[in-house]
Each structure stands twice: as structure tokens, then as C-alpha cells.
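Biologist: Would you please take a close look at a single part of this chain, a stretch in which the backbone does something out of the ordinary? I should then like to see how that part is set within the rest of the model.

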Amino acid sequence: MGDTVENRRERVKAALAAAGAAGLSGEALAAELGCSRASVHRHVDALRRSGLAIDGGPTGYHLVGDQDLIVPAMIEPRLVAPLAGPVEWTHTIGSTNDEASRRARGGAPEGLVIGSDHQSAGRGRRGRAWVDNPGDALMFSLVLRPPIAPVDVGLLPLLIAVGLADAIAPLAAHDVGIAWPNDVIIDRRKVAGILMELSGDHERVSYAVAGIGINVRSAPTIDDARWTPGCLADLGADVARADLLISVLGAIGTRYRTLLRDGPSDVLDAYASRDLLAGRSVTLALEAGTLTGTGAGVDPLGRLRLTTGEGETRVAAGEVVGVGA
Ligand code: BTN
């Protein structure tokens, strides 16, 4: 992010968050940003219009109460390599996946996080929309540059889902399950979705963008008939988005390091322990129609194994459209 208006506003927000209840004078903010006090005033007004509660008085400005903000400067020191940022956060964006892909194409490093409090054109899998209530969801895209063979890329969506489940499980009062390839489900409600987008050729993966959306405080209407949308707050998990971001990146980083060092058994075992489709009747939408069978786990490449009347089928790409008993 260059020195854009949006960036300067984020810096005002970061400075106010760091100052806490003491707040900062207009003069101090102007010195920090290298701009005039009038321009500080305009940034503060714009932040207020975007929903941030900022009190102003004779001694300066301060943030009101606990607003569950994400301030990159406070997140980055708490991240661990190889997923150690940089973190860039905006108030509104089209889709964080679009921006992260653009940056990855331009050579952005592994670990870059592009996040936003609101997406105006959030994307789900299979061309669906992903909607949010501004500030209520944790939405970001993570750039990975995995040194793995393209044949193994089917493991990445599982790895991200397992990392999310690792981070969410200690907060939730119910078991956290995964519906292949990467819907995160608690008590039959979908609380998080993942959109993986990859670039490479048949020899190597150039980059992967993992787009993650977690419903933290409210569950918007999700254009997805299979699962009722749910949110962490309604499921007993009360968490600040900044803390959740740090624990999600930490958990994904741990699984990712283990995959690269020891191979896929760790991810496969963790996935199996949360597999919601195993032993249940599953209907998949494929390019050529639908297929129904009994879920039988995944193979070492992350493909869904389905047992049908004709034996076992392995599916690399498809959409679960029905889950029975
Ligand atoms: C799905 O379940 O269909 C996938 C949803 C993925 C949503 C996230 S939110 C952050 C990132 N940016 C997007 O436009 N989509 C992903």
C-alpha cells in the first residue's frame, strides 16, 4: 500500500489505537503523518463516517471503547515466520482475493495478508457471492508460495481448513468439523469459508492465495443452500478479530511448516479427525452431472473418496450439494 488517502487514514487509526484512552492531539497526529491539522481533521471525519467512533475534545482525539479494530502495526510483531506478514488492512475493498492475487502476480512475498472490514464484491466458491456485515467478520487473503508439486495442491485447501479449525476449536463450545474441501462447520452451521486460488504451470506452483472469511459477530445470508450460516458469537465463542487473526495465521503456519518438512500425513490425520462427510451419504455436483455415494475420507492428494454401487471414486474438484445421514 503506497501513501494513499486510505493508507493515511489507516495510520491515523493506528496512532489512535496505540495512544489508547489518553488519545492524541491534532498537532501530534499532524506531526506523525507529516500533514496539516486541517488534513488530520478531514481524515478523522472520514474515519467517523466509515463507522469508527472517535471522540474529540480540547486535548485531542481518542477512540471510544472497544471497537475490535485490526491495526497491522499491532498484529505484525505477534506473527511467526513463514507467515509473518506484512499485514495490510483497509476499511472497504472489492475482494481481498482480487487484491492479494494482483499483488502476488507482482511478486509479493509469502505471508502477505490483505484484509478488510468490508468487501463490496466478496467472492465465494463456484462464482457465489460472499457477503458480510461490515466489521463483524474476519476476512483476509494470505499469499503462499508453496514449494510443492502441482499434483499436491489439493492438500492446500484442507490445510487451510485444518488451520482454521485448530484456531477456532479452543473457543467453541461444540466440535468443529470440516466438510470437504474446506467449509468449517460448527453445530451444522457454516462459520467460515475458504476460497483458494492458484497460479502456476504443470511443473510448479507460482503462488496460492487463500481467501478466508470467518463470521465472528453476525451471520449474514450466505448464498449457499447446503449449510445454515452461523457465527462464532452465537456459538459461544467470544473473540476479538485481531486475536483470531493472529491465532489463525499461527495455526496455518504450524500446519504449513509441518507439511513442507514431514509430508502430508499430519494434515491428512487432522482432516480425518474433523471429517463431517465420512460415513455419510454425499451428493456432489460435478461438471458432468451429480454423483452420490458414501464419504470415505480423502486420499493422499486430498481428493474426496466416495463409495458408490460401482466401487470407489476419487474426486479432485466438485461441490458437495447434499449431505445425508
Ligand atoms: C466459500 O465458502 O464459498 C468461500 C468463501 C470465501 C470468502 C473469503 S472472504 C476473504 C476472501 N475474499 C473473497 O472475495 N473471498 C474470500
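Modeller: The part I have chosen is the loop between strand 6 (176–179) and strand 7, which holds P181. The model is a predicted one, and what follows describes that prediction. The peptide bond that leads from W180 into P181 is cis, with omega near -5°.

Beyond this loop comes strand 7, which covers residues 183–186 and includes I185. The relative accessibility of I185 is 3%, and because buried means under 20%, I185 counts as buried. Which residues does I185 touch, once its neighbours within four places in sequence are left aside? They are D175, V176, G177, A179, K190, W227 and L276. Two of these partners, V176 and A179, bring us back to strand 6, which spans 176–179. L276 comes from elsewhere in the sequence: 91 residues separate I185 from L276, yet their C-alpha atoms are 8.5 Å apart in space.

After strand 7 the chain enters another loop, which leads to strand 8 (189–200) and contains R188. R188 is not a glycine, but its phi is positive, at about 65°. Is R188 buried or exposed? Its relative accessibility is 65%, so R188 counts as exposed. I185 is thus buried at 3%, whereas R188 is exposed at 65%.

Strand 8, which follows R188, covers residues 189–200. This range takes in K190, one of the contacts of I185, and also V191, one of the residues touched by C231. C231 itself is found in the loop between strand 10 (228–229) and helix 7 (241–262). Its relative accessible area is 0%, and C231 is therefore buried. Not counting residues up to four places away in sequence, C231 touches N215, V216, R217, S218 and A219 as well as V191. From C231 to N215 the C-alpha distance is 4.7 Å, with their positions 16 residues apart in sequence.

The cis bond before P181 has a counterpart elsewhere. G85 and P86 are also joined by a cis peptide bond, with omega about 5°. P86 sits in the loop between helix 4 (72–75) and strand 3 (87–93). Ahead of helix 4, in the loop that follows strand 2 (60–63), lies D68. D68, like R188, has a positive phi without being a glycine; the value for D68 is about 50°. Its surroundings differ from those of R188, because D68 has 10% relative accessibility and counts as buried, while R188 at 65% counts as exposed.

A further positive phi occurs at G20, just after helix 1, and is about 65°. G20 belongs to the loop between helix 1 (5–19) and helix 2 (26–33). With a relative accessible area of 27%, G20 is partly exposed. Its C-alpha atom is 7.0 Å from that of L63, although the two residues are 43 apart in sequence. Helix 1 itself agrees with the expected span: at 1.5 Å a residue, its 15 residues should reach 21 Å, and the end C-alpha atoms are 21 Å apart. Its buried residues are N7, E10, V12, K13, A15 and L16. An α-helix has 3.6 residues a turn, so residues three or four places apart point the same way. The elements that cover the buried residues of helix 1 include helix 2, helix 3 (37–49) and strands 1 (54–57), 2, 3 and 4 (113–119).

Helix 6 (residues 155–168) precedes strand 6 in the numbering. It too has the expected span, because 14 residues at 1.5 Å each should give 20 Å and its end C-alpha atoms are 20 Å apart. Helix 6 is mostly covered, with 13 of its 14 residues buried.

Finally, the setting as a whole. The secondary structure comes to eight helices and 15 strands, and buried residues make up 50% of the 325 in the chain. A compact globule of 325 residues would have a radius of gyration near 20 Å, and the value of 21 Å for the chain agrees with this. Along the principal axes, the C-alpha atoms fill a box of roughly 75 × 40 × 30 Å. Of the contacts between residues at least 6 apart in sequence, 64% join residues at least 24 apart; the contact of I185 with L276, across 91 residues in sequence, is one of this kind.

Methods: Residues are numbered from 1 along each chain as its sequence is written. This is a predicted model: local features need pLDDT of at least 70, side-chain atom pairs count only at pLDDT 80 or more; totals for chains, interfaces and linings use all residues. Side-chain values use heavy atoms; hydrogens and water are left out. Helices (H or I, at least four residues) and strands (E, at least two) are DSSP runs, numbered from the N terminus. The radius of gyration is taken over C-alpha atoms; the globule rule is 2.2 Å times the number of residues to the power 0.38. Buried means under 20% relative accessible area, exposed over 50%, partly exposed in between (1.4 Å probe, protein chains only). Contact means heavy atoms within 4.5 Å. The expected span of a helix is 1.5 Å times one less than its number of residues.
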